[in-house]
There are 2 protein chains.
Amino acid sequence: MVERYTIRDLAEDFAVTTRALRFYEERGLLRPQRKGQSRVYSAADRVRLTLVLRGKRLGFTLDESAELIAMYDPSGNNEGQLRALINKIQEKHQRIVAQKSEIELMLSDLKEWEQRSRKALRELSRGNK
Amino acid sequence: MVERYTIRDLAEDFAVTTRALRFYEERGLLRPQRKGQSRVYSAADRVRLTLVLRGKRLGFTLDESAELIAMYDPSGNNEGQLRALINKIQEKHQRIVAQKSEIELMLSDLKEWEQRSRKALRELSRGNK
DNA sequence: AGTTACGTTTACGTTAACGTAAGGCAGAAG
DNA sequence: CTTCTGCCTTACGTTAACGTAAACGTAACT
């Protein structure tokens with residue numbers, strides 16, 4: 001039971017266009033097999049796509065996501081490769097941690113502003129009474 | 001002591017180009033005063049710029065950041081305005097919270113991959129002995 | 001045989017966020 | 001007065017990530 005999907009299956013399941021899927025392939029992010037002329041996607045391709053989209057939502061470029069996916073792919077088997085991968089992973093890690101703290105800053109700012117807005121609103125309606 | 005800065009001051013302090021600063025102004029994100037022809041930035045402008053850049057690092061568009069800044073600006077004083085602002089704030093809040101959980105997912109994935117790489121590395125060096 | 005449905009390639013179009021000249025004004029320095 | 005500097009505007013160029021359109025292949029209905 002090898003689980004194969006058409007390009008449309010993936011497009012619907014992940015809410016992206018087929019154009020996007022072909023584009024990701026062109027950029028080396030996906031490598032579906034072919035049955036005749038048509039693309040055939042596997043479960044592994046779904047995992048990769050998940051990673052691409054997650055990266056996107058975090059503001060990563062496709063090239064950056066490509067790096068991450070290269071890491072996930074168990075084809076870099078020599079020592080130099082592995083060390084390089086570990087470095088890349090730690091780079092991403094750093095960046096993500098930084099992003100996390102920016103998010104926390106922004107969250108606390110937002111809460112503060114909301115409070116201020118609510119307060120202004122209360123005072124406004126009190127004044128109108 | 002009113003603290004005024006030239007465009008170059010800001011560019012250097014925030015590590016952006018003057019072109020970017022003019023562009024942000026064109027898009028309504030900054031509103032420096034003028035002395036003759038030249039722009040004169042205030043402390044408030046620095047706050048705004050901070051918000052723009054923070055938004056950028058979180059993958060927000062300039063338009064989205066513009067909304068946030070409009071909220072920060074205490075010029076929307078009627079009730080409808082304020083309610084709208086509070087809604088916007090909560091929207092952003094939702095999105096940021098979502099982003100935060102994506103980040104946590106990605107962090108745990110990264111850690112897992114790093115472990116795997118390290119393990120592969122150990123096994124490789126053990127095999128080479 | 002015709003047409004509907006889904007797939008393919010090729011290629012030009014689009015938006016965001018600036019980069020990069022090109023040419024001009026204005027005040028400080030020599 | 002000329003020559004820098006530094007700032008200004010105007011405007012075309014650039015990259016990323018697809019959108020969109022054209023033109024074609026093919027398998028399955030009807």
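Tutor: A residue is buried if 20 or more other C-beta atoms lie within 10 Å of its own, exposed if 12 or fewer, and partly exposed in between, with C-beta atoms placed from the backbone. This is a predicted model: local features need pLDDT of at least 70, side-chain atom pairs count only at pLDDT 80 or more, and totals for chains, interfaces and linings use all residues. Residues are numbered from 1 along each chain as its sequence is written, while chains are lettered from A and ligands numbered from 1 in the order in which they are written.

Student: How wide an arc do the buried residues of α3(A) cover?

Tutor: Helices (H or I, at least four residues) and strands (E, at least two) are DSSP runs, numbered from the N terminus. In α3(A), the buried residues are A:Asp45, A:Arg48, A:Leu49, A:Leu51, A:Val52 and A:Gly55. They sit on the same side of α3(A), because their arc, taken from the directions from the helix axis to the C-beta atoms, is only 160°.

Student: Which exposed residues does the opposite face of α3(A) carry?

Tutor: Look at the face turned away from the buried side of α3(A). The exposed residues there are A:Ala43 and A:Val47.

Student: How far apart are the end C-alpha atoms of α3 in chain A?

Tutor: Helix α3 of chain A has 15 residues, 43-57. The expected span is 1.5 Å times one less than the number of residues, so α3 should span 21 Å. The distance between its end C-alpha atoms agrees: 21 Å.

Student: Is A:Ala15 buried or exposed?

Tutor: A:Ala15 lies in the loop between α1 (7-14) and α2 of chain A. Its phi is positive, about 55°, although it is not a glycine. With 8 C-beta neighbours inside 10 Å, A:Ala15 counts as exposed.

Student: What kind of axis relates chains A and B?

Tutor: Superpose the copies by least squares on the C-alpha atoms of residues with pLDDT of at least 70 in both. Chain B then lies on chain A with an RMSD of 0.1 Å, after a turn of 180° and a shift of 0.0 Å along the axis. That is the relation of a two-fold axis.

Student: In chain B, which residue has the C-alpha nearest the axis?

Tutor: The nearest C-alpha in chain B is 2.4 Å from the axis. The residue is B:Gly59.

Student: Which helix gives the largest share of the surface near DNA strand D?

Tutor: A residue is near a strand if its C-beta atom, placed from the backbone, lies within 6 Å of it. Of the 17 residues around DNA strand D, those that come nearest include A:Thr17 and B:Arg39. The largest share, three residues, comes from α2(A).
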